[in-house]
Amino acid sequence: AYGASYKGAALGGKADVSVSQKDGALGYNVSFARSLDDVMHVKAGVHVGVDEDGVYSRLTAQRDLGRGIGADYEASARVGLDEDHNVNLRHALKLSNKLGY
């Protein structure tokens, strides 16, 4: 078994490349993550990548709505690289207050 990886800054974000081999199976992951705070009026970020299972992405955003209430949003997607090209989509919105609820 072996593995190698590289992480570095790229285009205002972080790039990550890794490869591994174990029991004859090749594994890999190439991804890019970046904060979007400089281009949006909310705290936000994006993460995209590809690995041996498919292509994936995630978008997150947080915003203070006032009066101690905050909103967190996350959307994620994955498309499989197998012959079925399975698609998984998910999104969530969470509201919270400063009381911990």
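In the protein chain, residues 24 or more positions apart account for 18% of the contacts with a separation of 6 or more. The structure under consideration is a predicted model. The protein chain contains seven strands and zero helices, and its pattern along the sequence reads β-β-β-β-β-β-β.

The overall dimensions were examined next. The radius of gyration of the protein chain is 17 Å, whereas a compact globule of 101 residues would have a value near 13 Å. The C-alpha trace spans about 55 × 35 × 25 Å along its principal axes. Of the 101 residues, 18% count as buried. The area exposed by the protein chain is about 7,600 Å², of which carbon and sulfur atoms supply 56%.

Charged side chains were then considered. The protein chain carries 12 positive and 13 negative side chains. The centres of these two sets lie 12 Å apart. Side chains of opposite charge can pair when their charged atoms come close. Across the whole structure, a search finds four salt bridges, and three of these pairs are described below.

One salt bridge joins Arg78 and Asp51, with an N to O distance of 3.1 Å. Arg78 belongs to strand E6 (residues 69-80) and Asp51 to strand E4 (residues 43-51), so this pair ties together parts that are 27 residues apart in sequence. The two partners can also be described by their accessibility. Arg78 has a relative accessibility of 26% and counts as partly exposed. Asp51 has a relative accessibility of 10%; because buried means under 20%, Asp51 falls in the buried class.

Strand E6 also takes part in a second pairing, in which the side chains of Lys94 and Asp72 meet in a salt bridge at 3.9 Å, N to O. Lys94 lies in strand E7 (residues 87-97) and Asp72 in strand E6, and this pair links distant parts of the chain, 22 residues apart. The N to O value of 3.9 Å satisfies the salt-bridge criterion because that criterion requires the nitrogen to lie within 4 Å of a carboxyl oxygen. Asp72 is partly exposed, at 24% relative accessibility.

A further salt bridge is formed by Arg34 and Asp38, whose closest N and O atoms are 3.0 Å apart. In this pair, Arg34 is partly exposed, with a relative accessible area of 21%. Asp38 has a relative accessible area of 57% and is therefore classed as exposed, the cut-off being over 50%.

How values were computed. Residues are numbered from 1 along each chain as its sequence is written. This is a predicted model: local features need pLDDT of at least 70, side-chain atom pairs count only at pLDDT 80 or more; totals for chains, interfaces and linings use all residues. Side-chain values use heavy atoms; hydrogens and water are left out. Helices (H or I, at least four residues) and strands (E, at least two) are DSSP runs, numbered from the N terminus. The radius of gyration is taken over C-alpha atoms; the globule rule is 2.2 Å times the number of residues to the power 0.38. Buried means under 20% relative accessible area, exposed over 50%, partly exposed in between (1.4 Å probe, protein chains only). Contact means heavy atoms within 4.5 Å. Accessible areas come from the Shrake-Rupley method with a 1.4 Å probe; for residues, only the protein chains shown count as cover. Lys and Arg count as positive and Asp and Glu as negative; His and the chain ends are not counted. The place of a charge is taken as NZ of Lys, CZ of Arg, CG of Asp or CD of Glu.
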